[in-house]
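Work through these exercises with the coordinates open. Try each task before reading its solution.

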Amino acid sequence: QIQLAESGGGLVQAGGSLRLSCTASGRAYYYAVAWFRQAPGEEREFVAAIAMRGSSTGYADSVKGRFTISKDNAENTVYLQMNSLKPEDTALYSCRARTYNPLNYYTTTSPDSYNYWGQGTQVTVSS
């Protein structure tokens with residue numbers, strides 16, 4: 001079991017930055033954390049993912065070069081640094097986690113592949 005708690009959302013002007021945090025608790029060792037976002041009336045969208053062991057990361061094309069996912073294993077925390085924010089980045093951001101086989105890690109963008117998720121944190125970017 002993995003419990004997740006997000007923080008760091010808020011209101012920011014276009015071009016600004018925010019950093020989201022996702023802290024995990026539980027007994028899993030090989031697990032990956034991904035950020036998803038969902039705007040009103042839209043499908044849930046993959047943003048970025050990171051494996052907690054090793055250095056594998058993955059990004060959606062829409063955020064490459066602007067967002068950076070990182071981790072602090074000692075704190076069991078994953079960060080999403082969001083720079084050059086745009087109004088279209090406005091959404092409810094949530095982190096999800098899944099366990100994985102260390103011999104066969106791959107980045108998956110499907111939210112259904114992740115078994116655990118947090119409550120989400122709202123990000124609003126004003127124009």
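## Exercise 1: a salt-bridge network

Arg37 forms a salt bridge with Asp89, with the closest N and O atoms 2.9 Å apart. The model is predicted.

Task: Which parts of the chain does this pair tie together? Then find which residues the salt bridges join into one network.

Solution.

1. Place the partners. Arg37 lies in strand β4, and Asp89 lies in the loop between β8 and β9, so the pair ties together parts that are 52 residues apart in sequence.
2. Check exposure. Asp89 has 1% relative accessibility, so it counts as buried. Arg37 is buried too, with a relative accessible area of 6%.
3. Follow Asp89. It forms a salt bridge with Arg66, the closest N and O atoms being 2.7 Å apart. Arg66 sits in the loop between β6 (57-59) and β7, while Asp89 is in the loop between β8 and β9, so this pair ties together parts that are 23 residues apart in sequence. Both Asp89 and Arg66 are buried.
4. Follow Arg37. Its side chain meets that of Glu45 in a salt bridge of 2.8 Å, N to O. Glu45 has a relative accessible area of 30%, so it is partly exposed.
5. Assemble. Shared partners join Arg37, Glu45, Arg66 and Asp89 into one network. The structure holds four salt bridges.

## Exercise 2: two residues of β11

Task: Are Thr121 and Gln122 buried or partly exposed? List the contacts of Thr121 and of Gln122.

Solution.

1. Locate them. Thr121 is in strand β11 (residues 121-126). Gln122 is in strand β11 as well.
2. Apply the cut-off. Buried means under 20% relative accessible area. Thr121 is at 11%, so it counts as buried. Gln122 is at 39%, so it is partly exposed.
3. Leave out residues up to four places away in sequence. Thr121 then touches Glu6, Ser7, Gly8, Gly9, Leu20, Ala91, Leu92 and Tyr93. With neighbours within four places left aside, Gln122 is in contact with Gly9, Gly10, Thr90, Ala91 and Leu92.
4. Look for polar atoms. A polar atom of the Thr121 side chain lies 3.1 Å from the backbone nitrogen of Gly9. The side chains of Gln122 and Thr124 are joined by a polar contact of 3.5 Å.
5. Compare sequence with space. Gln122 and Leu11 are 111 residues apart in sequence, yet 8.3 Å apart in space, C-alpha to C-alpha.

## Exercise 3: the nonpolar core

Task: Which residues touch the most other members of the largest nonpolar core?

Solution.

1. Start from the general rule. In soluble globular proteins, nonpolar side chains tend to be buried together.
2. Rank the members. The largest nonpolar core has 34 residues, of which Trp35, Leu80, Met82 and Tyr93 touch the most other members.
3. Map the elements. Those giving two or more residues to this core are β1 (2-7), β3 (18-26), β4 (31-38), β5 (45-51), β7 (67-72), β8 (77-82), β9 (91-99) and β11.
4. Inspect Met82. Its contacts beyond four places in sequence include Leu18, Leu20, Phe67, Tyr93 and Val123.

## Exercise 4: rings

Task: How many aromatic pairs does the structure hold? Which arginines lie over the faces of Tyr79 and Trp117?

Solution.

1. Count. The structure holds five aromatic pairs.
2. Take one. Tyr29 and Tyr30 pair edge-to-face, 4.8 Å centre to centre, with 85° between the planes.
3. Extend. Ring pairs link Tyr29, Tyr30, Tyr100 and Tyr105 into a cluster.
4. Add the charges. Arg19 lies over the face of Tyr79, 4.2 Å from the ring centre. Arg96 lies over the face of Trp117, at 4.6 Å from the ring centre.

How values were computed: Residues are numbered from 1 along each chain as its sequence is written. This is a predicted model: local features need pLDDT of at least 70, side-chain atom pairs count only at pLDDT 80 or more; totals for chains, interfaces and linings use all residues. Side-chain values use heavy atoms; hydrogens and water are left out. Helices (H or I, at least four residues) and strands (E, at least two) are DSSP runs, numbered from the N terminus. Buried means under 20% relative accessible area, exposed over 50%, partly exposed in between (1.4 Å probe, protein chains only). A polar contact is a pair of N or O atoms within 3.5 Å; within protein, one must be able to donate a hydrogen and the other to accept it, and residues adjacent in sequence count only if both atoms are side-chain atoms. Contact means heavy atoms within 4.5 Å. A nonpolar core is a set of buried Ala, Val, Leu, Ile, Met, Phe, Trp, Tyr and Cys residues joined through side-chain atoms within 4.5 Å. Rings of Phe, Tyr and Trp (its six-membered ring) pair if their centres lie within 6.5 Å; planes under 30 degrees apart count as stacked, over 60 as edge-to-face and the rest as tilted. A charge sits over a ring if NZ of Lys or CZ of Arg is within 6 Å of the ring centre and within 35 degrees of the ring normal.
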